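Student: I would like a close look at one part of this structure, the surroundings of the ligand. Please take that part slowly and then place it in the rest of the model.

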Amino acid sequence: MTCPALPEGFDATDPDLLQERVPLPEFARLRQTAPVWWCPQERGTTGFDDDGYWAVTRHADVKYVSTHPELFSSTVNTAIIRFNGGIAREQIDAQRLIMLNMDPPEHTRVRQIVQRGFTPRAVRGLEDALRERARRIAEQARATARAAAAAGGDSGGDGGFDFVTQVACELPLQAIAELIGVPQEDRLRIFDWSNKMIAYDDPEYAITEAVGAEAAMELIGYAMHMSAARKECPAKDIVTQLVAAEGQGNLGSDEFGFFVLLLAVAGNETTRNAISHGMHALLTHPGQWELYKATRPATAAEEIVRWATPVVSFQRTATRDTELGGQKIRAGDRVGLFYASANHDPEVFTDPDTFDITRDPNPHLGFGGGGPHFCLGKSLAVMEIDLIFNAVADHLPDLRLTGPAPRRLRAAWLNGIKELRVSHP
Ligand code: HEM
């Protein structure tokens with residue numbers, strides 16, 4: 001079946017397309033004419049044993065699927081994986097140990113345990129340390145900006161520097177390290193493994209799947225070691241609460257290992273891209289940047305996540321025959337949830353294509369559609385975004401773009417920026 005509103009072969013999970021842009025005009029046409037649309041894919045190119053998936057583009061339908069795990073399962077694989085040449089079966093099997101890919105009741109058990117690390121109190125407890133980090137990151141970037149201006153650019157020859165590597169990368173990693181109490185001396189190793197794992201299918205990083213998988217194994221091993229140490233010798237920290245708390249249920253060492261792996265992926269590149277896109281949006285909407293600097297609205301972080309939608313899509317698999325948006329979905333069909341489309345749905349947002357940091361209410365689905373898998377790290381992410389933009393506004397108030405356009409990541413479901421050239425006088 002071809003969608004009358006779209007060119008033949010259109011696939012919103014095609015990494016070549018996402019490297020260019022998020023297909024917002026196509027999403028708008030789908031929402032209007034075919035909100036639940038069968039997107040054919042060539043067998044053998046996705047890692048799934050099927051011929052395509054249903055693309056769900058309206059806000060209401062994305063919410064419906066997210067909140068009905070009994071109809072739409074997460075166990076097959078939540079991330080839309082599209083590796084050229086396919087993906088090793090073992091990798092899909094290993095991903096089943098990650099909570100993102102579990103259904104209730106297994107998911108409920110793990111979620112109840114790990115939530116202990118994300119209570120409002122636990123997140124508030126990280127704030128001072130992360131504020132200090134954010135300040136140091138912005139100050140260092142200021143020093144880099146000065147040196148770059150003097151030398152004619154750090155490498156780009158434009159008198160500027162790369163905002164992604166100098167500013168956006170570090171805080172999300174520090175936040176995860178802070179959360180699980182990774183000692184300072186081990187952090188660079190953790191950062192290196194995390195960065196290798198998220199390099200995905202962008203050939204520019206020259207990270208083979210084997211190197212990514214090895215980094216994942218090393219990170220899991222490190223976390224399992226941490227967990228075993230706390231079981232032996234409990235301390236007053238989150239790891240102890242998750243793995244060794246008495247009488248409240250706890251995670252096995254391997255479960256903790258995979259949880260840390262999930263944090264390193266789910267909490268890292270998502271927040272990094274929200275920060276990079278947020279900076280780009282603020283600098284391309286100068287009125288909004290001036291407003292931000294003057295008033296620091298608490299609503300800004302949520303609008304940045306709506307606007308950026310770092311996770312363009314996740315997916316579910318139908319557990320039985322059902323209906324969605326007038327389409328008959330068969331048991332076993334994959335269903336793609338396009339958060340990026342839902343976040344521009346005019347049924348829900350006034351002027352959805354306007355970037356407005358005072359938007360309130362802002363019921364965006366950037367952190368998921370509200371079901372059992374709703375982003376565990378949402379309040380941490382919002383806090384990180386607030387802290388970094390406050391620090392940038394304090395220390396780099398006259399930041400400006402120097403390059404023509406951000407260089408985008410090649411990935412199937414991430415709205416990623418690899419490089420964003422900026423300068424500061
Ligand atoms: C799940 C987005 C930051 C940890 C998710 C989901 C989305 C998402 C879309 C899936 C929701 C669903 O399937 O219904 C984001 C965005 C972030 C961000 C856009 C930054 C702007 C973080 C951070 C952490 C984190 C900082 C932790 C350090 C998780 C975890 C899950 C998750 C553990 C899985 C929850 C589960 O399966 O129950 N996130 N996330 N995320 N996120 Fe985030």
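Tutor: Of the 29 residues that surround the ligand, the ones that come nearest are G267, T270, G368, C375 and G377. Sorted by kind, the shell around the ligand holds 18 nonpolar residues, 10 polar ones and 1 charged one. Three helices each supply at least two residues of this shell: helix 13 (253–266), helix 14 (269–284) and helix 18 (378–395). Keep in mind that this is a predicted model. The predictor gives the complex an ipTM of 1.00 and a pTM of 0.95.

Helix 13 also leads to another part of the protein. Together with helix 9 (170–180) and helix 11 (209–232), helix 13 is included in what covers the buried residues of helix 10. Those buried residues are I190, F191, W193, S194 and M197. An α-helix has 3.6 residues a turn, so residues three or four places apart point the same way. Helix 10 itself runs over residues 184–197, and its 14 residues reach 21 Å from the first C-alpha to the last, close to the expected 20 Å.

The model also has an open sheet of 5 strands, in the order 1-2-8-5-3 and with mixed pairing. Its edge strands, strand 1 (36–40) and strand 3 (72–73), each pair on one side only. Strand 2 (residues 52–56) pairs with strand 8 (residues 334–338) in the parallel sense over 4 bridges, and A55 stands opposite G336 in strand 8.

As for confidence, the mean pLDDT of the protein is 90, and 92% of its residues reach 70 or more. Over residues 82–89, however, pLDDT stays under 50.

Conventions:
Residues are numbered from 1 along each chain as its sequence is written. This is a predicted model: local features need pLDDT of at least 70, side-chain atom pairs count only at pLDDT 80 or more; totals for chains, interfaces and linings use all residues. A residue is near a molecule or strand if its C-beta atom, placed from the backbone, lies within 6 Å of it. Ala, Val, Leu, Ile, Met, Phe, Trp, Tyr, Cys and Pro count as nonpolar, Asp, Glu, Lys and Arg as charged, and the others, Gly among them, as polar. The expected span of a helix is 1.5 Å times one less than its number of residues. A residue is buried if 20 or more other C-beta atoms lie within 10 Å of its own, exposed if 12 or fewer, and partly exposed in between; C-beta atoms are placed from the backbone. Two residues are in contact if their C-beta atoms, placed from the backbone, lie within 7 Å. pLDDT is the predictor's confidence in each residue, from 0 to 100. Two strands pair if DSSP finds at least two bridges between them.
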